[in-house]
There are 2 protein chains.
Amino acid sequence: MKISTRGRYALRLMLDLANNQTGEPVKLKDVARRQGISEKYLEQIIAVLNKGGLVRSIRGAQGGYLIARDPSEYTVGMILRLTEGSLTPVECLESDTCCERETDCVTRILWKKVADAVSQVIDSTTLQDLLDWQGNEGDNYVI
Amino acid sequence: MKISTRGRYALRLMLDLANNQTGEPVKLKDVARRQGISEKYLEQIIAVLNKGGLVRSIRGAQGGYLIARDPSEYTVGMILRLTEGSLTPVECLESDTCCERETDCVTRILWKKVADAVSQVIDSTTLQDLLDWQGNEGDNYVI
DNA sequence: TTATTTCCTACTTAATTGATATGGTTTTAG
DNA sequence: CTAAAACCATATCAATTAAGTAGGAAATAA
């Protein structure tokens, strides 16, 4: 039940871009240095974010990447689903058709509840929320 | 973010035991046949459940396994954590100490929320709930 | 034109997982 | 006593994933 590095790095990448908005495009090399992630690995990840329209790329010298929209317009779910794939706890939930085994279908109800609970969190949290948490992390633990 | 077969099979195993309570111990061979899972694989899984005290084993001829307690006393979380290990979306949540990287800690808040959401579901669902769902699955989809 | 940067394809390497198999030992009902 | 079961330890083997590497093509600001 682990989130892979792809998704985690994608999130940090987006956060890094958001944190370094100056109007100038942000170089992947700099993100890699700041985040301590291999540039080549980040290249693979940002390619997905780019195709998905989450970032804008500017090629050539002095090029780099820009966040395409306002941080409040990105949900964490958008970023994770793009880079991680589905996020459901079992394959079976991806298709409409239930499996042949009846017993499975009982557990399917459970997996659906788990999936919904995860979605509820990631689809209601935006990149802006993460940025807001940065200042006063402590407060968020007081629940 | 997938649950592995170990956890899924463990759940089906417990359900099978619950569904076949006659007072007689249930043979693993029969569970394997009913569930279409290799007996040897189930052997590995039930060993964990046995050590965890979730099932009772009766050795020797005509032996088998019995559910140790009432189905309402098992949460899905108990079964999954035993067989799957932690269930948190990131390693980092398993220890108290946060990682060195600050950016990570922002996302940690998010991962914590995801973990809590998952726990909320699996720790409040019992084996008895799954049994109840078996009769009238349709109803549960009407939410 | 040149250096910088994105973009693209393919390769690698290690670890993990899924599922099963091999080959027993021990317990116990009948 | 015998067969049926749990128990136990290892091994296998393919597939997948994780995390990167390598090397170069295309675009572009300076």
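This passage walks through a predicted model of two protein chains with two DNA strands, starting with the fold of one chain and ending at the DNA.

Chain A is a good place to begin. It contains seven helices and two strands, and read from the N terminus the order of these elements is α-α-α-β-β-α-α-α-α. So much for the parts list; the next point is how the chain folds back on itself. Taking the contacts in chain A between residues at least 6 apart in sequence, 60% join residues at least 24 apart. As for burial, 30% of the 143 residues of chain A count as buried.

Helix 1 of chain A turns up in two helix pairs. One partner is helix 3 of chain A: the two pack at an angle of about 75°, with their axes 10 Å apart. That angle makes helix 1 of chain A roughly perpendicular to helix 3 of chain A. On the helix 1 side the contact uses Arg6(A), Tyr9(A), Ala10(A) and Leu13(A), and on the helix 3 side Leu42(A), Ile45(A), Ile46(A) and Leu49(A). Sorted by class, this contact has seven nonpolar residues, no polar ones and one charged.

The other partner is helix 6 of chain A, which spans residues 127–135, while helix 1 of chain A spans residues 5–19. Their axes come within 10 Å and cross at roughly 70°, which means that helix 1 of chain A is roughly perpendicular to helix 6 of chain A. Here helix 1 of chain A brings Met14(A), Leu15(A) and Ala18(A), and helix 6 of chain A brings Leu127(A), Leu130(A) and Leu131(A). The class count for this contact is six nonpolar, no polar and no charged residues.

Chain B has a helix pair of its own to look at. The axes of helix 1 and helix 3 of chain B come within 10 Å and cross at roughly 75°, so helix 1 of chain B is roughly perpendicular to helix 3 of chain B. Arg6(B), Tyr9(B), Ala10(B) and Leu13(B) of helix 1 of chain B meet Leu42(B), Ile45(B), Ile46(B) and Leu49(B) of helix 3 of chain B. By class, that contact splits into seven nonpolar, no polar and one charged.

How do the two chains relate to each other? A turn of 180° and a shift of 0.0 Å along the axis lay chain B on chain A with an RMSD of 0.1 Å. This is the relation of a two-fold axis. Among the residues of chain B, Met1(B) comes closest to that rotation axis, with its C-alpha at 2.1 Å.

The contact between the chains takes 32 residues from chain B and 32 residues from chain A. On chain B, the elements that each supply at least two residues to the side touching chain A are helix 1, helix 4 (76–84), helix 5 (102–122), helix 6 (127–135) and helix 7 (137–141). Helix 5 of chain B gives the largest share, 13 residues. The side of chain B that touches chain A divides into 19 nonpolar, seven polar and six charged residues. Because 100% of the interface residues of chain B are also interface residues in chain A, the copies meet through the same surface.

Leu110(B) gives a close-up of this region. It sits in helix 5 of chain B, and Leu110(B) is buried because 21 other C-beta atoms lie within 10 Å, the cut-off being 20 or more. Neighbours within four places in sequence aside, Leu110(B) is in contact with Val76(A), Thr125(A) and Leu130(A).

That leaves the DNA. DNA strand C is surrounded by 26 residues, and the closest are Ser57(A), Ser4(B), Thr5(B), Ser38(B) and Gly60(B). Two or more residues each come from helix 2 (28–35), helix 3 (39–51) and strand 2 (64–67) of chain A, and from helix 1 (5–19) and helix 3 (39–51) of chain B. The surface near DNA strand C has seven nonpolar, 12 polar and seven charged residues.

Around DNA strand D there are 24 residues, with Ser4(A), Thr5(A), Lys40(A), Gly60(A) and Ser57(B) the closest. Helix 3 of chain A supplies at least two residues of this surface, as do helix 2 (28–35), helix 3 and strand 2 (64–67) of chain B. Helix 3 of chain B gives the most to the surface near DNA strand D, with three residues. By class, the surface near DNA strand D comes out as seven nonpolar, 11 polar and six charged.

Conventions
Residues numbered from 1 in each chain as written. Chains lettered and ligands numbered in written order. Predicted model: local features only at pLDDT ≥ 70, side-chain atom pairs only at ≥ 80, totals over all residues. Near = placed C-beta within 6 Å. Helix = DSSP H or I, 4+ residues; strand = E, 2+ residues; numbered from the N terminus. Nonpolar A, V, L, I, M, F, W, Y, C, P; charged D, E, K, R; others polar. Contact = placed C-beta atoms within 7 Å. Least-squares fit on C-alpha atoms with pLDDT ≥ 70 in both. Buried ≥ 20, exposed ≤ 12 C-beta atoms within 10 Å, placed from the backbone. Axes fitted to C-alpha atoms, helices over the stretch in contact; angles between N-to-C directions. Parallel < 35°, antiparallel > 145°, perpendicular 65-115°, else oblique.
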